Amino acid sequence: MAQSAKRFPLPSSVGVAPGTEAAQAAYPWYMQFEPGDDTRFWFYNSMHFPEPMCLFDMVTAEAAYIALGASNTRVHSLPTTKGIDYRIVNGRVYIGGHGVTDPAEIEERTAEFQQRAFYYYEHWERLYDQWKGKMKALINAAQALPKVELPRYEPLENVHAGKGVAANHTLLTTWHATLEGYFRMWHHHFEFLLLGYGAYMVFFDFCKKAFPEITDQTIARMVAGFEAEIFQPDEEVKRLSRRAVELGVDHHFIDSQSADQIMASLQASGQAGQDWLTALESSRNPWFNVNVGDGFYHYHRSWNDDLSLPFAAIPGYAAKIRAGENIERPTEALMAERQELIEGYRELLGSDEERAAYDQMIELACRVFPYVEGHKFYCEHWYTNLFFNKVREYGALLAGLGMWDAEEDIFHLSRYEVEQAIVDAMTSWAIGLPPRGTQRWRPLIAERKAALQVWSGMESSPALGEVPDLIDDPAIVMLWGITRESLDRWLDGGEENPNEIKGFAASSGVVEGTARVVKSVQDIGRLQQGDILVCQVTNPTWAPVFQKIAAAVSDIGGSMSHAAIVAREYGLPAVVGTGKATTRIPDGARIRVDGARGLVTIL
Amino acid sequence: MTVAWFADLTLADRPAVGGKGASLGELIKAGIAVPPGFVVRTEGFESFVTALDAAEPLRAPVEALDPADLARAEAVCAAVRARIEAAALPATVEQAVRASLAELVPQGEPVAVRSSATTEDSDEASFAGLQDTYLWQIGPEQVLGAVRRCWASLYSLESVTYRRKHGLPEAGVAMGVVIQRMVDARCAGVMFTRSPTTGDRSVITIEGAWGLGSAVVSGEVTPDRWVIGKLTGEIPVRDISDKHIRQVPAPGGGIVDEAVPDTERKVPCLSDDDLQRLRAIGRQVEKHYGKPQDIEWAIDRVSGEVLLLQSRPETVWAAKDQAPVATAQANPLGHLMTVFGGRK
């Protein structure tokens, strides 16, 4: 009705914040808005990029959209949609779909799709097995990359072996291999993803028509897998908790102590402590390669980089073990419950005709969905951690050469600039003089850090440009849950109850309690039994604290997000994708979480 | 026998006791708690009207009415109703009701008196009228009066013109009357095991308000409303309304509206535990009947027990001819085109 009156700003009208122009210009030119972009529709991808992006971290968007688009446009030939374009302004990543509207082209692409995607569905198990092999090989290759170093002299054995290529060259080839592997990982990531989501959407749409009032989370529970890797990190923490009780070393885990202090006291405690540390080592690789984010920010570190999160969970588990409680994941019961749901809803259908269609759809969804759950551990977690840590090695080396102060400063350069700095270092090592970049990078890094500060305090429009009448892009609907209705809601926003925060209903139940706003893993120790966790992203890495909390609320995530899956397993009420819970809810406030309605109320 | 106890009835007894009485018997058979009671069988009505007919023709003038002549129809109906309400019951019927009542409520506790028509439920409203429920009746005189008024309601203008338009023979008209212990309800309402708004079979919609359920059924108060997953128990909708009045027993019998204290108006009338108990009962009843049900329930003020007052098959959505949402495809992958081929 009033849609014509309310519009989103045009990209050309979004000004770069004063004083940050140079930092904005530092993003590659092909990520910048241009006048022609005003005629297209863009929305802020707050799901994956909730915070302003460090310059280097834009490689995560770049590699992801290259691979996503390739899969949609060229590999599987999705009939009605091609790739997803992206831009960055004031540190915020806006994305836009590219739909296909010409009926002849849709027809052509449909014929291609049925030879390509259908083949994948028909040979899913074999191809997925093969996928795991490819991913493991890729991870092995990344782990096997040479250490990033410039020795004082070329090692003697290389000379005697007649290697004929010096260490400074390896610096460049390793860098290229690091980037190449990362871009390749994203191709693997999207090899099955849209197809997996698509089969789920088919079932989802059917359920929404057959059962108009069914909740998203119920549909999600019907297709949830059980062997998915996302639960394994938590299982390892449970295993280590049991081991700690067996060895009688669980009293070393004290909330107020850092992971390093705990490790030191275990080390000093004699054989039992050392045995536990040995057990820890076997869990860490690979299962602690989960990071506390979703894989798009270098500063979302993994458990391996910061053991405080898994350690924070051990006292709670140990207490339960000592009290004789069973902390095993009730896989059998969960499977039985899922089967009961599938059969129960089947029975409620109106006719045998519908039941026959339902059987076909649920079979397909359950067959392909494990990929959607399982891939993240390999891609966004394990591989991404290896990638960022390799970049850190360069950060440390180049900092050591005087280019900047701290290893992490490297993330304020673009990937192209990093290569320049590497070539500068290679040259300097070859000539025997200091690198020239010692004069160049510090002011740029300072300028970019300041810009991120400015941008993080700015409001960003949820969308830009012309609003389409219909969001017909299956990728956007599936991955971001954006529909015409959600756009209208964004346009109408503002008149809601200030004490209510809405999000996706992720896991049902109503709980009241004290909000604990946890912005980083350092805050984990503050979580008390019965608190409500309020955080930016809940993902598998948070699972160990789920035993402690009464409910979870996150800024980011959908009803199929990993937070939602884990919360449902733990039977904890959860509301995800609120967009603003960590900024709106004061730490320590009393709140009510209604997981079935997706509603958080500040009391 | 002129009367029959609920526990001895099943749905098969509908012709002899009417739908409401038969369904209460059926609920007991299904293991559901209902307030105890008995039914005055249709033969009680038969013997009553036959006696009246013998004194002065009653049914023949009604059968002769022209449904288009409303003035005449109203005059005849009013006269018939007045005769029914004034006449003494046949001695056997009166004695049976008094004896059963004394057994049901030995201390003279209040009862509800409700008509129990023999027609299909969907026709009941037009056939027997909606007002034929008399709550909180105390003592045999009030109860016998209510029984006569239930019978008289068969001769409301609406019921008679309906029968005449459809050419239904007056000789086939019959009605049972349910006499049931009154529930002193803390709160009461209705429950639909199929969504009244969308026809969804996977949710249970519960509406309730403070006091007796009559306030909800008659629409005098906007009830609280919840939607519950039938299989999951999740509660995605909770609409708590401002329940300004409630119906409570009136001194000396009958019911009266009462203002709800401000502190309770916006308080949910059911706890999550109550909702889950109702869900379990709703599922049990639906399963027993093999089809979705519309149910009236009440929660006893003292015991907290959930009691059902009525259950009848859902008719609105059942009558709709619905095309299947989807049918099986030769190649199951064909379903994918609904998503990838362009969403409508």
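**A note on helix α7 and two contacts**

1. Let's start with helix α7 of chain A, residues 216–223: eight of its eight residues are buried, so this helix is largely enclosed by the rest of the structure. Please keep in mind that this is a predicted model. The buried residues of α7(A) run from Asp216(A), Gln217(A), Thr218(A) and Ile219(A) to Ala220(A), Arg221(A), Met222(A) and Val223(A).

2. It helps to place this helix within the chain. The domain assignment splits chain A into domain 1 (1–122 + 401–415 + 431–493), domain 2 (145–400) and domain 3 (497–602). Taken over C-alpha atoms, the centres of domain 2 and domain 3 of chain A are 20 Å apart.

3. Now for the contact between those two domains of chain A: domain 2 brings 29 residues and domain 3 brings 25 residues. On the domain 2 side, α7, α8 (232–247), α11 (308–322) and α13 (352–400) of chain A each give two or more residues. The largest share of that side, seven residues, belongs to α11(A). By residue class, the domain 2 side of chain A that touches domain 3 has 14 nonpolar, seven polar and eight charged residues.

4. You may also like to look at where the chains meet. Here chain A contributes 41 residues and chain B contributes 31 residues. On the chain B side, β8 (224–229) and α13 (337–340) each supply at least two residues, and α13(B) has the largest share, with three residues. The side of chain B that touches chain A is made up of 14 nonpolar, twelve polar and five charged residues.

Notes. Residues are numbered from 1 along each chain as its sequence is written. Chains are lettered from A and ligands numbered from 1 in the order in which they are written. This is a predicted model: local features need pLDDT of at least 70, side-chain atom pairs count only at pLDDT 80 or more; totals for chains, interfaces and linings use all residues. A residue is buried if 20 or more other C-beta atoms lie within 10 Å of its own, exposed if 12 or fewer, and partly exposed in between; C-beta atoms are placed from the backbone. Helices (H or I, at least four residues) and strands (E, at least two) are DSSP runs, numbered from the N terminus. Domain bounds come from an automatic or database domain assignment. Two residues are in contact if their C-beta atoms, placed from the backbone, lie within 7 Å. Ala, Val, Leu, Ile, Met, Phe, Trp, Tyr, Cys and Pro count as nonpolar, Asp, Glu, Lys and Arg as charged, and the others, Gly among them, as polar.
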